[in-house]
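I opened this model to look up its nonpolar cores, one of its helices and a patch on its surface.

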Amino acid sequence: MTIKVDLEKAYDRIRWEFLEDCMMDLGLPQQLINLIMECVSTATMQVIWNGSPTSVFKPERGIRQGDPLSPYLFVLGMEKLSHSINKSVQDGDWDPIRLARHGSSISHLFFADDLVLFCKVDMKNTRTLKSILDKFSHHSGHKVSASKTQLFFSPNTDISLAQAIQNHLQFRSVCNLGKYLGIPIFHGMVTKNNFQYLIDKVRARLSGWSASSLSLAGRITLAKAVLTAIPSYCMQVVLLPAAVITEIEKLIRHFVWGASNGKKKLPLVSWVFVCQPIRSGGLGIRDLRVHHKAFMVKFDVWIPSLGPLVNHTVSDAIVEVDAYVCDSVDEHGNWKWADLNPVITQSAAMQIASVCPQMRKQATIFVFGGGNQIGSAQWR
């Protein structure tokens with residue numbers, strides 16, 4: 001079960017006493033707490049009514065948007081909710097979900113006021129979840145918007161149980177959670193339609209420009225600085241379908257060559273040469289496919305062609321399945337071949353030798369995999 005929580009007027013409702021308690025629990029010096037609370041509580045406001053400002057008044061709660069101190073105070077308050085959830089998980093009252101059978105468990109994701117909660121589908125977890133949200137709302141002053149908070153159930157969930165949970169929480173059930181931090185939350189196979197909004201963004205930006213009134217240099221500058229940057233955020237976390245990248249590149253290509261009002265213009269050179277660096281004779285426009293692949297490197301597994309080393313051990317070798325990469329690197333950043341050579345095949349050793357251990361020695365990535373694909377990153 002996934003709950004996407006919406007807080008009403010998140011910055012405006014938070015209680016000052018709650019913020020002060022959070023800072024005291026954090027162990028900040030009392031003098032610093034007093035100084036921060038003085039900055040928060042001495043703010044004054046005026047309302048423009050029929051074109052004229054009202055008399056000055058002081059608010060009794062809330063933090064100001066735009067104040068550089070406000071995001072830190074807000075996140076500090078949300079830590080209280082995070083600690084409450086973690087304590088419930090430790091006490092066994094909250095059962096988090098697992099991303100895989102042997103994967104890490106996850107109970108919540110927080111980014112400022114964007115909250116997503118995860119738990120097993122049963123009434124015990126539902127009551128715990130509601131109790132935590134009610135207590136947090138009471139102490140912090142926040143209010144969960146029942147009309148905007150969304151519930152998502154697995155298709156395998158019993159309909160009567162889902163209805164009972166929905167009635168208990170008074171949240172609406174949805175089939176699609178939409179986006180989280182600007183990225184679509186997928187519930188099935190990823191298609192071009194999931195990222196149509198990226199193509200529409202590029203089209204919307206192009207609609208305000210007239211290719212015919214811009215010089216070639218101007219169009220190239222806009223393509224490099226604006227158009228190729230639009231999908232970059234999404235490219236960092238999601239593997240986009242090839243059709244989406246092709247469509248975006250098509251729009252950029254037509255704009256650079258001066259196509260307008262649906263009229264195409266003949267390209268002067270191949271787009272492959274256009275995407276070459278300037279020092280190589282190109283125009284320096286990003287190749288979106290290469291750009292996307294560079295972003296995806298951080299998700300690449302360690303020696304993907306090799307797979308779990310348990311499949312590359314010599315016969316009769318006794319290995320520790322839960323061994324780590326860092327355990328096979330000495331204090332000088334070199335592979336411990338004396339430990340590896342007796343248990344792995346020569347071909348596997350040659351592939352390992354091509355990987356720089358200095359870049360991996362802090363990561364506790366499983367060496368022999370234990371049946372999992374090698375490179376499932378975990379950290380000590």
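With which residues is Ile-3 in contact, leaving aside its neighbours within four places in sequence? Taking contact as heavy atoms within 4.5 Å, I find Leu-115, Val-116, Leu-117, Cys-119, Leu-129, Thr-149, Gln-150, Leu-151 and Phe-171.

I note that this is a predicted model, in which local features need pLDDT of at least 70 and side-chain atom pairs count only at pLDDT 80 or more, while totals for chains, interfaces and linings use all residues. Residues are numbered from 1 along each chain as its sequence is written, and side-chain values use heavy atoms, without hydrogens and water.

I then looked up the largest nonpolar core (buried Ala, Val, Leu, Ile, Met, Phe, Trp, Tyr and Cys residues joined through side-chain atoms within 4.5 Å; buried means under 20% relative accessible area, exposed over 50%, 1.4 Å probe, protein chains only). It has 38 residues, and Ile-3, Ile-63, Leu-81, Leu-117 and Leu-129 are those with the most contacts inside it. Helix 4 gives the most to this core, with 6 residues (helices are DSSP runs of H or I, at least four residues, and strands are runs of E, at least two, numbered from the N terminus). Apart from this core lies another, of 30 residues, among them Ile-183, Val-202, Ala-211 and Val-238.

In helix 6 (residues 159-169) I found Ala-162, Ile-165 and Leu-169 buried. They lie on the same side of helix 6 because they cover an arc of only 65° around the axis, taken from the directions from the axis to the C-beta atoms. They pack against helix 5 (123-140) and strand 8 (150-152), whereas the face turned away carries the exposed Ile-159 and Ser-160.
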